[in-house]
Amino acid sequence: MKPRWWRVLSAPARNFLAQLRLSFVSALQYRTDYLLTVFSVAVSAGVEIALWQLVLKKTGQVRGYGLADLIVYLIVANVISMMCVNWESVLDMSEEIRQGSVSRHLLKPISLFSVATGDWLARKIPVMLGALPVFAGLHHWIPLQFHPHFNHVLMFFALLATSLWLSAEIYFLIIMTAFWLSENQGVAIGFNVLRWGFAGTAFPLAFYPGLLVKFLDATPMPYFVYYPTLALLGRLPTEEFFLKFLYAVFIGCALSFNRWATWQAAERRLQTVGG
Amino acid sequence: MIKVQGLTKIYRKYDAGDGLVAMARNFALRRYENVAAVEGVSFSIEAGSCVGLLGANGAGKTTLVKMLAGLLVPSGGEAQVMNEVPWHRHNSYLRQIGVVMGQRQQLWIDVSARENLRLGQVVYDIAPAEFKTRLKSLSEMLEVERLLDVQVRKLSLGEKMKMELLAALLHRPRLLFLDEPTIGLDVVAQNRIREFIRSRVREDGVTVLLTSHYMKDLEELCPRVFLIQSGKLLHDGPLSTLVGRLGDVKRISFTVAEAGPVPQALGARQGEDGRFYLEVPAKEVPVALRRLMNAVNVDDLSVTAPPMEERVRQIMQQGRVSE
């Protein structure tokens, strides 16, 4: 038996992993959902690539991206986006708050943030595992010019970690809005639409006017997909990477504090009448 | 164990209105009103006791349980449960309570009960050896060993409820909140669950706060009962005392050879089973029987105490308990 201090300190991590395991087993029960999700992710990336093929046939290049660059960009961006975008658990958990069944989590000594994050990642991991070979198969279909340097891979993983962190915080904040707005699906849908347009999933943010890019830079948006993708493609200089990474950590800390403060208010608002 | 003083919970509600116009008006201008679900409730409960909560739908029983379990923050009043304020929801408190809500599942339905219990093992920090022993003994008691690896969604209502009880008791809570644990179950399953709860109170010394609409649950398990009506505590004491406040009443049940207006004229009402029922104070039974025999040709007759359910329903309909 481990010492008591160790058990107390490691409890949040153990709780999170236990929740992740349970949610993972739960996600594996839905085979049809799983196959359709993997298929839809691959199809949406394929459609984007086909559209850009048409555009670039005429122009040849857009803001430093040729067709081969753009294909690699879109594949990497879609993989990251697939990991970080969250519809299902946000909508499910918001509904649980609305219906009152969130009590099953609140009555246990586990934080709701652990439950929400564990559930989200558990749903993403099988999709990720299924979609990666599909994207890898593209390499045989379309000759990709993609040979990442070891440093780029390290920078990518560092920025991917911040992307996941920021996503978890923001999605949990969206879930929290259900304590105030019982019809908070609009918030989740709105955020995901904004994210599709401004996080760099659909195309590189460099395609936008400079002023908009500067504005977006001050928000968490480009840190979800754009910068991790640039890092892996070797389009993010090392000095800039450090600045971006530090700024992402700063935003993450601010969001974590915000999440903590919001939760203090939110948990007092639970209004479950009857049953 | 539990000390409650002036506990109050006020909900903010709005009336959606009737009809399209009212609903459109409500969309633009929503009028809220405050409704007291629980109002100034005070009591204390000793460790190791089993206390029943009785009341009509919407009386405030579940709200009271949810405040004591830490789910809802009250609008007023104080509560100390095992020297903690429940709604602070400290982990030290949550580790000591177990909650079963008959109308709200707490298990993840897509996985087996065993997977759910594994989460409980980690979250409640139960040592592997103890987990194994406890799981074996509880599952044997509830007769669910063979169902532990079945997806929860594929279990019957009674089996699910047994699993909920198992999950709630796995970490040896000192206090158990049971909100209608036998709702919708058949008589055999109800008896099994009652027997299980009784054994836990007796052997583990767990304190139980039980709400139920089934009078048998309360009669068999709870020496002490709270009656809650419109958020207020109307009675705190044995169930027999509560029923006794209606006075000693007997029910005369009879059938007659030929139907006619006479039984109704005597004050009897006809039940759905075709029998006539007449309720009279116990000491007036001989007089009532004499009048009945003189008035009609009685086929079959019995004199019994009215069922507890009906007597309690009477109290709830009256909305007050006479002193």
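Which residue of S12(B) does Lys250(B) stand opposite? In this predicted model, the partner of Lys250(B) is Val280(B), and the two belong to a longer ladder in which strand S10 (residues 249-256) of chain B and strand S12 (residues 276-281) of chain B run antiparallel and are joined by 6 bridges.

S12(B) also pairs with strand S11 (residues 269-270) of chain B, again in the antiparallel sense, over 2 bridges, and within that pairing Arg269(B) stands opposite Tyr277(B). The connection between S11(B) and S12(B) is a hairpin with 5 residues between the strands, and Gly274(B), which lies in the turn, has a positive phi of about 90°.

Elsewhere in chain B, helix H2 (residues 61-69) offers a view of the interior, since 9 of its 9 residues are buried and the helix is therefore largely enclosed by the rest of the structure. The buried residues of H2(B) include Leu64(B), Val65(B), Met67(B) and Leu68(B), but also Lys61(B) and Lys66(B), together with Thr62(B) and Thr63(B); here buried denotes a relative accessible area under 20%. Just after H2(B) comes Gly70(B), whose phi is positive at about 95°.

How far the predictor trusts these regions can be followed through pLDDT, whose mean over chain B is 86, with 95% of the residues reaching 70 or more. Within chain B, the confidence is highest in strand S4 (residues 76-81), at 94, and lowest in helix H10 (residues 262-265), where the mean is 68.

Conventions: Residues are numbered from 1 along each chain as its sequence is written. Chains are lettered from A and ligands numbered from 1 in the order in which they are written. This is a predicted model: local features need pLDDT of at least 70, side-chain atom pairs count only at pLDDT 80 or more; totals for chains, interfaces and linings use all residues. Side-chain values use heavy atoms; hydrogens and water are left out. Two strands pair if DSSP finds at least two bridges between them. Helices (H or I, at least four residues) and strands (E, at least two) are DSSP runs, numbered from the N terminus. Buried means under 20% relative accessible area, exposed over 50%, partly exposed in between (1.4 Å probe, protein chains only). pLDDT is the predictor's confidence in each residue, from 0 to 100.
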